[in-house]
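Let's take a walk through a protein together, starting with the whole chain and then stopping at a few single residues. Keep the picture open beside you as you read.

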Amino acid sequence: MQNWIGGVEKLDVLKRVPIKEQEPIERIHNFDEVCLGYTPDEAAMEAQRCLECKNAPCVKGCPVEVKIPEFIRLIKEKKFKESYLKILETNLLPAICGRVCPQETQCEQNCVRGIKGEPIAIGKLERFAADWFRQNCEFEFSKPQPNGRKVAIIGSGPAGLSCASSLAKMGYEVTIFEAFHKLGGVLYYGIPEFRLPKEVVEWEIENLKKMGVEFRTNMIFGKTFDLEDLKQEGFDAVFISSGAGLPNFLNIEGELLNGIYSANEFLTRINLMKAYKFPEYDTPIKLGKKVGVIGGGNVAMDAARVARRLGSDVYILYRRTEAEMPARKEEILHAKEEGIKIVELVSPVRFIGDESGHVRALELVKMKLSDPDSSGRRSVKPVDGSNFVFEADNFIVAIGQSPNPLVKKAIPDLELNPNGSIKVDENLMTNIEGVFAGGDIVTGAATVILAMGMGKKAAESIDRYLNAKMNSES
């Protein structure tokens, strides 16, 4: 135990410094951020728990290799600006990553402090450093000497933003093309305000503009422009990072009934089109008293927690148990705190409608888990004769997304994998010379930080490719 001056009296090195959150009874009536963040004293106190390991296993668990012990040491010394700048050396989006990345399965999972006690709250400290800088400093960037080469990036999600940042630091002229009227991709339209405030996304993008990156909105690749247009404009390479924006469906009877939403449409209406502010924004979302959400990932949690804030009683319907849910444990806990119920081991069979064509119920079958296989995974299978009817006013289908299909129309010769994702080599180049791809359009729906890691890798590959091309031509 250690004495501490300034708000928190003692430090227990085995336990995290608690972080303040909105009370559930309050937050279900607003879209304000749930986690309130550390104060400077709390952040410095949590940073004191770091062992500053020389081999830094936490860094090995980070897809963009943030210099974790170094930025935490600076927080410990209350050098908050320097801490943010240290993170920025490898990660352009710390205010975002500190909020939405699954640190518990990446950097924090490798934390030595976690062997005995709780791992360091790396994500919360990353968020603190970024928020402190945003509230107290101005972002500055010394532009490198331009190298005279241009790169086009399709999509302004995390992979595209990460790639743009890395290329801008190398002196490239970078232009990002975005299909929507707002920038940020899934960061803007997919993640609710209470988990990732839009002002944070907008601030991170403004910093990219200060780095010289150009953005063009309302530009749909495969509709309003294509690869030939980019070549004619003089771009030397292209990075495709248009994400996994095509929602998956159940393909069962009754799925076209009114009152059934894909999570993609539902969250886009809420986040991008501000449906939760109706009638100030004329994009209404009509939900009844009882809503069923099908799925168990982060998107399902987001959809369920939004529906709860819109006044509905919400049930998450999942084919496995809570222990197998791919959603972050923090998100599951928050959902349960907010009164959302989880119905385990059920699988959809068919939707049932009323005489007006509106959904009124979903037939479910109970499932049972098998014994773990050699990999530890447990499969599920239906229980014969266990079908039952679950009544609700609306259903939201949140079972994943597939890659954007418009890209193939823009580049007909582009090779795809069987699941529709873009096929790339070890350097993230497609079969089309000079065209690279990364993020969810290659991996399928994944995490923000993994997409950013691919964007960073793509920038390095593009730089090597163009340098080699220039040397061969000279």
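A residue is called buried when its relative accessible area is under 20%, exposed when that area is over 50%, and partly exposed in between. By that yardstick, 53% of the 474 residues in the protein chain are buried. Please keep in mind that what you see is a predicted model.

Let's begin with the overall build. The protein chain contains 17 helices and 18 strands. Its radius of gyration is 23 Å, close to the 23 Å that the globule rule gives for 474 residues, so the chain is as compact as a globular protein of that length. If you laid rulers along the principal axes, the C-alpha trace would span about 70 × 65 × 55 Å.

How is this chain held together along its sequence? Consider the contacts with a separation of 6 or more: residues 24 or more positions apart account for 69% of them. On the outside, the accessible surface comes to about 21,500 Å², and carbon and sulfur atoms make up 50% of it. As for charge, the chain carries 62 positive and 67 negative charges, and the mean positions of these two groups are 3 Å apart.

Next, look at two stretches that come from the UniProt record. An unreviewed entry there lists residues 27-136 as "domain: Dihydroprymidine dehydrogenase". This span is 48% helix and 0% strand, and its end C-alpha atoms lie 27 Å apart. The record, again as an unreviewed entry, also lists residues 150-455 as "domain: FAD/NAD(P)-binding". Here the make-up is 27% helix and 23% strand, with 16 Å between the end C-alpha atoms.

Now zoom in on helix 5, which covers residues 80-88. Which of its residues are buried? They are F80, S83, Y84, K86, I87 and L88. A little helix geometry is handy at this point: an α-helix has 3.6 residues a turn, so residues three or four places apart point the same way. The cover over the buried residues of helix 5 includes helix 2 (40-47), helix 4 (68-76), helix 6 (94-100), helix 7 (122-136), helix 8 (158-169) and helix 10 (198-210).

Helix 10 deserves a stop of its own, as N207 is found there. Is N207 buried or exposed? Its relative accessible area is 1%, so N207 is buried. Leaving aside residues up to four places away in sequence, N207 touches Y84 and F139. You have already met Y84 among the buried residues of helix 5.

Finally, let's visit some loops. E52 sits in the loop between helix 2 and helix 3 (57-60). E52 is not a glycine, yet its phi is positive, at about 50°. With a relative accessibility of 26%, E52 counts as partly exposed. N251 is another residue other than glycine with a positive phi, near 55°. You will find N251 in the loop between strand 7 (246-247) and strand 8 (260-262). Its relative accessibility is 70%, which is over the 50% cut-off, so N251 counts as exposed.

Our last stop is D354, in the loop between strand 12 (346-353) and strand 13 (359-369). D354 has 29% relative accessibility and therefore counts as partly exposed. How far apart are D354 and N258 in sequence and in space? They are 96 residues apart in sequence, while their C-alpha atoms are 9.9 Å apart in space.

Conventions:
Residues are numbered from 1 along each chain as its sequence is written. This is a predicted model: local features need pLDDT of at least 70, side-chain atom pairs count only at pLDDT 80 or more; totals for chains, interfaces and linings use all residues. Side-chain values use heavy atoms; hydrogens and water are left out. Helices (H or I, at least four residues) and strands (E, at least two) are DSSP runs, numbered from the N terminus. The radius of gyration is taken over C-alpha atoms; the globule rule is 2.2 Å times the number of residues to the power 0.38. Buried means under 20% relative accessible area, exposed over 50%, partly exposed in between (1.4 Å probe, protein chains only). Contact means heavy atoms within 4.5 Å. Accessible areas come from the Shrake-Rupley method with a 1.4 Å probe; for residues, only the protein chains shown count as cover. Lys and Arg count as positive and Asp and Glu as negative; His and the chain ends are not counted. The place of a charge is taken as NZ of Lys, CZ of Arg, CG of Asp or CD of Glu. UniProt positions are given in the numbering used here, feature names are shortened, and annotations may be inferred rather than shown by experiment.
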